[in-house]
Amino acid sequence: MQKYTGYLFVHFTGEQPGGEQIYFSLSRDGMHWKDLNAGKPVLVSQIGEKGVRDPFILRNPLNGKYVIIATDLRIEAGKGWDVAQHAGSRSLIVWQSENMTDWEGPESHEVGIPQAGCVWAPEAIFDEENQEFLVFWASMVKEETDEEPRQRIYASRTRDFHSFTPAQKYQEGKNHIIDTTILKAGDYYYRFAKDETVKNIRLDRSRSLDKDSFEPVASPVLDTLLGVEGPAAFRFNDRKQWCLMVDRFAEDAGYLPLLSDGFESGVFRIAQDGEYDMGETKKRHGSILNLTEEEYQALAEKYGADGGR
């Protein structure tokens with residue numbers, strides 16, 4: 001098993017000019033972050049909507065590449081959220097790299113079903129049993145029994161992030177659901193998702209990625225923490241503790257770390273102000289990748305950051 005010594009946060013920064021592009025930040029402890037590339041975008045999309053949000057980074061064990069997928073959306077263009085939800089891009093934007101410092105792309109891949117109004121916050125998790133990735137995102141869709149269209153999670157499968165299977169419905173509820181993220185911890189897959197109606201994060205778990213196998217995990221802290229979205233979860237490198245980052249969009253306050261000794265308990269402790277520093281740039285919905293020392297040093301050298309603490 002690889003030894004990880006740092007963390008990369010891939011994110012966007014907001015609806016200001018240039019904010020809806022790909023930004024990188026580094027951390028040694030997962031709680032204190034330093035912006036890379038002098039706080040400027042590392043990757044820029046000039047295709048599709050000419051903006052990207054909600055980036056998700058992963059390693060592809062099938063070919064050794066790093067992959068970033070993101071929402072094809074630029075709210076700064078002025079079309080507004082109603083158009084974005086009901087008539088937005090049905091494509092996701094993809095970059096790939098062999099070293100995280102030289103990237104190929106962006107490419108646009110249409111994955112949303114024809115009646116979908118958008119494809120938001122794409123993420124992926126490697127399905128070890130089937131040796132492929134489950135890719136999932138939120139789409140606004142009106143089904144025959146719906147009075148109004150509703151945000152649901154749809155999913156596709158891929159091995160190379162160039163070709164994707166036809167999308168199928170993966171997760172839905174009585175309310176709108178967006179911003180789903182899934183990670184494996186022990187014997188379970190844990191799934192965090194934003195209830196877009198209530199504006200909080202819900203947690204469930206399953207021993208498999210089968211869409212019908214998830215069961216809810218009660219979490220009083222998540223139930224009562226309102227006005228948050230963009231959940232991003234990772235395990236700390238140096239201890240058996242987990243972090244769930246949530247974007248406090250309602251307060252325009254950026255990310256907040258929630259700490260847990262195990263997601264199965266549903267217990268989270270909200271980090272206090274003095275425990276973390278998210279860096280100079282406000283970070284919006286993104287994802288965090290644990291880094292080896294070689295990866296950390298390569299990113300620090302390429303994009304300009306202190307390679308030490």
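**A walk around strand β17 and its surroundings**

Hi everyone, let's start in the middle: β17 and β18 pair in the antiparallel sense over six bridges. Strands and helices here are DSSP runs, numbered from the N terminus, with at least two residues (E) for a strand and at least four (H or I) for a helix. Two strands pair if DSSP finds at least two bridges between them.

Before going on, a word on what we are looking at. This is a predicted model, in which local features need pLDDT of at least 70 and side-chain atom pairs count only at pLDDT 80 or more, while totals for chains, interfaces and linings use all residues. Residues are numbered from 1 along each chain as its sequence is written, and side-chain values use heavy atoms, leaving out hydrogens and water.

Back to our strands. One bridge pair to look for is C243 with L259 in β18. On its other side, β17 is joined to β16 by five bridges, again antiparallel, and there A233 has L244 as its bridge partner. β16 and β17 make a hairpin with six residues between them. β18, residues 255–260, is in turn joined to β19 by two bridges, running antiparallel, with L258 partnered by I270.

Put together, that gives an open antiparallel sheet of four strands, in the order β16-β17-β18-β19. Which strands stand at the edges? They are β16 (229–235) and β19 (269–270); each has a single partner strand, so one side of each is left without a neighbour in the sheet.

How many residues of β17 are buried? Six of the six, so β17 is largely enclosed by the rest of the structure. By buried I mean under 20% relative accessible area; exposed is over 50%, and partly exposed is in between, using a 1.4 Å probe and protein chains only. W242, L244 and V246 point one way from the strand, and C243, M245 and D247 point the other way.

That brings us to the largest nonpolar core. A nonpolar core is a set of buried Ala, Val, Leu, Ile, Met, Phe, Trp, Tyr and Cys residues joined through side-chain atoms within 4.5 Å. This one has 34 residues, and F192 and M245 touch the most other members. Elements giving two or more residues to this core include β1 (6–12), β12 (177–185), β13 (188–195) and β14 (200–206). The largest share, five residues, comes from β17. There is also a second, separate core of 24 residues, with V42, V52, Y296 and A305 among them.

M245 has plenty of company: leaving aside residues up to four places away in sequence, its contacts (heavy atoms within 4.5 Å) include W33, F234, L256 and I288.

Let's visit another strand, β13, where we find A193. A193 counts as buried, at 4% relative accessibility. Its C-alpha is 6.7 Å from that of L203, a residue 10 places apart from A193 in sequence.

Now to helix α3, residues 293–303. Its buried residues are E295, Y296, L299, A300 and Y303. They cover an arc of only 130° around the axis, which puts them on the same side of α3; the arc is that of the directions from the helix axis to the C-beta atoms. As a reminder, an α-helix has 3.6 residues a turn, so residues three or four places apart point the same way. The face turned away from the buried side carries the exposed E294 and E301. Among the elements covering the buried residues are β1, β5 (65–72) and β20 (284–291). Just after the helix, G304 takes a positive phi of about 80°.

I'll finish with some backbone details. Most residues other than glycine have a negative phi, and most peptide bonds are trans. Here, a cis peptide bond joins G105 and P106, with omega about 5°, and P106 is in strand β7. A38 is not a glycine, yet has a positive phi of about 55°. Is A38 buried or exposed? It is exposed, with a relative accessible area of 69%, and A38 sits in the loop between β3 (33–35) and β4. A121 also has a positive phi, near 50°, but A121 lies in strand β8 and counts as buried at 2% relative accessibility.

That's the tour, and thanks for listening!
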